[in-house]
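Biologist: I am new to this structure. Please take me through a single part of it, slowly enough that I can follow along.

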Amino acid sequence: LCFGRGRGIALSRAAVVLTSRALPPWVSHLVSLSAKAWSALSPGQKKRTSKIPLQYPGIFTLVDKADEPLARKWQWRCRSDGYVLRSVWGCKAVRLARAITCARRGSDTDHKNGNPLDNRRHNLRVTTHRRNIQNRRTNQTGKRHSIYKGVCFHPVAGWVAYINTPKRGRIHLGTFASEREAAQAYDTAARRSFREFARTNFRA
């Protein structure tokens with residue numbers, strides 16, 4: 001088939017529009033997360049860091065220059081939650097963070113800053129699955145949930161703070177007049193229970 005120049009340009013533009021509409025809704029969030037991770041680096045850190053492009057334009061993962069050969073040896077992709085992995089025939093998917101840290105079976109890898117697209121060694125640590133859960137951000141939404149981790153709203157009691165621990169399960173920390181006070185109570189308990197693995201609402 002042969003098209004004129006004008007018609008060919010029109011078809012190309014239509015293809016671009018169709019492609020952008022077909023992208024999953026979480027892609028734009030990960031594009032923003034990639035850019036945020038890169039912009040947070042100092043000029044010196046950027047010199048020691050490489051960008052590894054993933055399956056969608058604008059989404060990339062960060063690795064140390066020393067780990068760039070490993071990262072470029074395979075075709076990596078990201079999930080909707082931002083974790084970077086590759087498929088291995090006959091096995092479960094392998095995460096880039098585990099490949100970099102050489103994590104043993106039964107252990108887990110944790111991103112200190114909570115960004116799964118930041119796979120620099122300084123941001124990775126090998127831990128247990130229970131510890132890794134404590135470093136997750138809050139993802140709850142709705143009228144009875146808070147923007148802070150470890151906080152929810154009770155229609156009678158008010159703002160309630162709680163914490164989940166491996167040994168004792170959910171612990172009630174008390175009720176508070178404001179959402180912020182409840183979040184601060186959670187932070188205090190989290191630092192005491194999880195130490196450096198605590199994902200707090202406010203900086204110390």
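**The sheet β8-β9-β10 and its helix**

Modeller: Start with one pair of residues. Val160 has Thr175 of β10 as its bridge partner. Keep in mind that this is a predicted model.

Now widen the view to the two strands. Strand β9 covers residues 158–165, and seven bridges join β9 to β10. The two run antiparallel.

A further strand completes the sheet. The order is β8-β9-β10, the pairing is antiparallel, and the sheet is open. β8 spans 151–154 and β10 spans 169–176; both stand at the edges. Each has a single partner strand, so one side of each is left without a neighbour in the sheet. The strands are also turned against one another. Between neighbours the average is 30 degrees, with direction ignored.

Next comes the helix. α7, residues 179–194, lies across β8, β9 and β10. Against β9, the helix runs at about 15 degrees.

Is the length of α7 what its residue count suggests? Test what span the 16 residues of α7 should have at 1.5 Å a residue. The expected figure is 22 Å, and the end C-alpha atoms of α7 are 22 Å apart, which agrees.

Which residues of α7 are buried? Early in the helix they are Ala182, Ala183 and Ala185. Tyr186 and Asp187 are on the list too. Ala189, Ala190 and Phe194 complete it. Here "buried" means under 20% relative accessible area. A general point helps in reading such a list. An α-helix has 3.6 residues a turn, so residues three or four places apart point the same way. Look at Ala182, Tyr186 and Ala190, which are among the buried residues. Then look at Ala185 and Ala189, also buried.

After α7 comes Arg195. The phi of Arg195 is positive, near 55 degrees.

For comparison, turn to another sheet. It is open, has three strands in the order β3-β4-β5, and pairs antiparallel. Its edge strands are β3 (77–78) and β5 (94–95), and each pairs on one side only. Two bridges join β3 to β4, residues 84–86. In one of the pairings, Cys78 has Val84 of β4 as its bridge partner.

Finally, set the part in the whole. The protein has seven helices and ten strands. Of its 204 residues, 35% are buried. The accessible surface comes to about 13,400 Å², with 54% belonging to carbon and sulfur atoms.

Methods: Residues are numbered from 1 along each chain as its sequence is written. This is a predicted model: local features need pLDDT of at least 70, side-chain atom pairs count only at pLDDT 80 or more; totals for chains, interfaces and linings use all residues. Side-chain values use heavy atoms; hydrogens and water are left out. Two strands pair if DSSP finds at least two bridges between them. Helices (H or I, at least four residues) and strands (E, at least two) are DSSP runs, numbered from the N terminus. Axes are lines fitted to C-alpha atoms, for helices over the stretch in contact, and angles run from 0 to 180 degrees between N-to-C directions. Contact means heavy atoms within 4.5 Å. The expected span of a helix is 1.5 Å times one less than its number of residues. Buried means under 20% relative accessible area, exposed over 50%, partly exposed in between (1.4 Å probe, protein chains only). Accessible areas come from the Shrake-Rupley method with a 1.4 Å probe; for residues, only the protein chains shown count as cover.
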